[in-house]
Amino acid sequence: MQIKLFSAMISILTGATLGWIFSIFENHLVVNGFDSAAKLIPTAAGAILLFFIYICYIYATQNREAEKNIEYQYTLLNTISKTAPVGICLIRDKSFIHVNDYFCDMIGYTREELIEKPTSIIYPTEHDFQFGLAVRQNQMRTNGTGSIEAVIKCKNGTQKDVIINSTPLDKDDWSKGITFTLLDISKRKKAENELKQSYIELEKRKDAYKEAHRLEQLANVERSNFQDNMCHEIRTPLNGILGMLQILQLKISDKEDLEYIDYTMASCKRLANLLQEILEYSRLQEGRVCILHKPFCLPDIFEETRLLFELSLRQKGLDFHMDILDGIPDVLIGDHHKLQQILNNLVGNAVKFTNQGSIRIEAWPVSKNIYPEKCRILFSVSDTGIGIADDKLEYIFKAYSQADSSNTRSYDGAGLGLTIVKRLLDTIDGNIYIESKLGTGTEIIFCIEFKVPTPGIDY
C-alpha cells in the first residue's frame, strides 16, 4: 500500500514538474520566433509523461508482487512457528530474539520474559551452557548444522531432556542469527530409564534364580543321598527280619502261630516294596538312569510278570490273561528292564485295586512295515477293579498321589507307581494313556518303539 501511494505521488510531482519545464521552454520558443517548434512541445511532453507513467506502473507492479511474496513467506513461517510441535527460537549474540508459543509452554516462561535475555537462563549450570555451545559450534562448522541431546531447566526449577538442533541463518555470517529447534524427549528418556531399571532388575532376578536353582539342585542331591542311605539302612535289618521269619516258619507247626508269621512277612514285604519304589523314584528324579539296547523276547517279559504276581492273583481269586498279537518280531532290541518295571508297576496296581474279575495284558504292533528296522508296540494293561473317577485322572501321574488320598484309604503304597511308570516312559520316548470308569475298571495303554535286529549283526 505504501509503495502504491509513493508511486502515485512521484507520478504527480513528475508530471507537474515536466509541465512547468515544457511551458517555460514553449514560451521561450515563441518569443524567439519558433512558433512551429513550440507547437510540438505539448506532444513531446505528453509522450514523455506517458512513458514515465508506464515505467512507474511496471515498478509498482513488480514491487506489489514482491510484497505479496514477502507477506506469504511471513505468514507461512509464522504459521509453522505457531503450530510446530517443537520449540523454535532465534538467537543472536547468545540472546533470544524470537521464540514460539510451544517453546514458552515447554519451559514455563512468557515471551516477554525471554526476548533479549541470555540463552544461558534455560541451562541448569553455566558449565552445561558452555559445553553445549562448544559442541554445537563445532558441529555447525563441520556440517552446517548441529544436533545434541541436552538437559534444560524450566522456570519452576524442573528439568527436561531435549534434542537441540541449530542452524545459522547465514553459514558465512553467524552474527545474523541462529535458529534453534528443541524437541522434548523427557517421556522417552523416562521410558528408557524404566526399561534399563527393569533390565537391571531382571538380571538380578536371573542371578537369584540361578542361585536358587543351584541350591535346589544341591538340596535334591542331598535329599536323594539321604533317601538312598535311609532306604538301604532300613532294608538291611528288614531283610534280616524276613530271613528269621522264614526260619520260624520251618520250625513252628502251630497253625495260629504260622498265621501270625504270614501276616508279619506280608507287612515286611509291603515295606520292602515301598522302599524300592522310593529308591526308584529318587533315581528317576535325579536322571540317574541308563538306557539299555539289548535283544529280548516279549513273551519272556510277559511270563516273568505272570510269575511275579501268580501268588497274589491266586490269593485274590483273579484271572490273568496274556495276549501278544501277530506281527511282533520274535526278538526285539531295547531296554527290557524298563519295560519289565513298567509292566510290574501297572500289573501290581491292577492286582491291588481289583477284588474280583480279571486282569489282562496285551501287545500289538503299529506302523507295520513302514520302518522295517523299527517296531512300535502298543501295550495294554486292563482290570475289572474299582476304577478311577474322572476328576482324579489328571492327578493320577503326580507323585505321592492316589485316587483315594484320604487318611482312611483302604490301599497301601506311596502313590509312586504310576509316577515311576510315566518317568520311565519319558526316558525311552514313550507315551501313556489311561481310560477308567469308576466301579467298572481301568485300562492303561502305553506305546514304546523298539529296534528290529538286523541279521548277521551281534548285539
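This tour moves through a predicted model, from a five-stranded sheet to one of its residues and then to a nonpolar core. Residues are numbered from 1 along each chain as its sequence is written, and side-chain values use heavy atoms, with hydrogens and water left out. In this predicted model, local features need pLDDT of at least 70 and side-chain atom pairs count only at pLDDT 80 or more, while totals for chains, interfaces and linings use all residues.

**The sheet**

Select the open sheet of five strands, whose order is β2-β1-β5-β4-β3 with antiparallel pairing. Its edge strands, each pairing on one side only, are β2 (95-99) and β3 (146-153). Helices (H or I, at least four residues) and strands (E, at least two) are DSSP runs, numbered from the N terminus, and two strands pair if DSSP finds at least two bridges between them.

Next, select β3 together with β4 (residues 159-168): eight bridges join these antiparallel strands. Ala-150 has Val-162 in β4 as its bridge partner.

Add helix α5 (residues 126-143), which lies across β3, β4 and β5 (178-184) and runs at about 165° to β3. Axes are lines fitted to C-alpha atoms, for helices over the stretch in contact, and angles run from 0 to 180 degrees between N-to-C directions.

**Asn-165**

Within β4, select Asn-165. Is this residue buried or exposed? Asn-165 is partly exposed, with a relative accessible area of 32%; buried means under 20%, exposed over 50% and partly exposed in between (1.4 Å probe, protein chains only).

Leaving aside neighbours within four places in sequence, Asn-165 is in contact (heavy atoms within 4.5 Å) with Gly-146, Ser-147, Thr-179, Phe-180 and Thr-181. The side chains of Asn-165 and Ser-147 make a polar contact at 2.8 Å. A polar contact is a pair of N or O atoms within 3.5 Å; within protein, one must be able to donate a hydrogen and the other to accept it, and residues adjacent in sequence count only if both atoms are side-chain atoms.

**Helix α9 and the largest core**

Now select α9 (residues 336-352), in which 13 of the 17 residues are buried. Its end C-alpha atoms are 24 Å apart, in agreement with the expected span of 24 Å, which is 1.5 Å times one less than its number of residues.

The largest nonpolar core has 39 residues; Leu-339, Ile-342, Phe-379, Phe-446 and Ile-448 touch the most other members. Its largest share, seven residues, comes from α9. Such a core is a set of buried Ala, Val, Leu, Ile, Met, Phe, Trp, Tyr and Cys residues joined through side-chain atoms within 4.5 Å.

Finish at Ile-342, whose contacts beyond four places in sequence include Val-421, Leu-424 and Phe-446.
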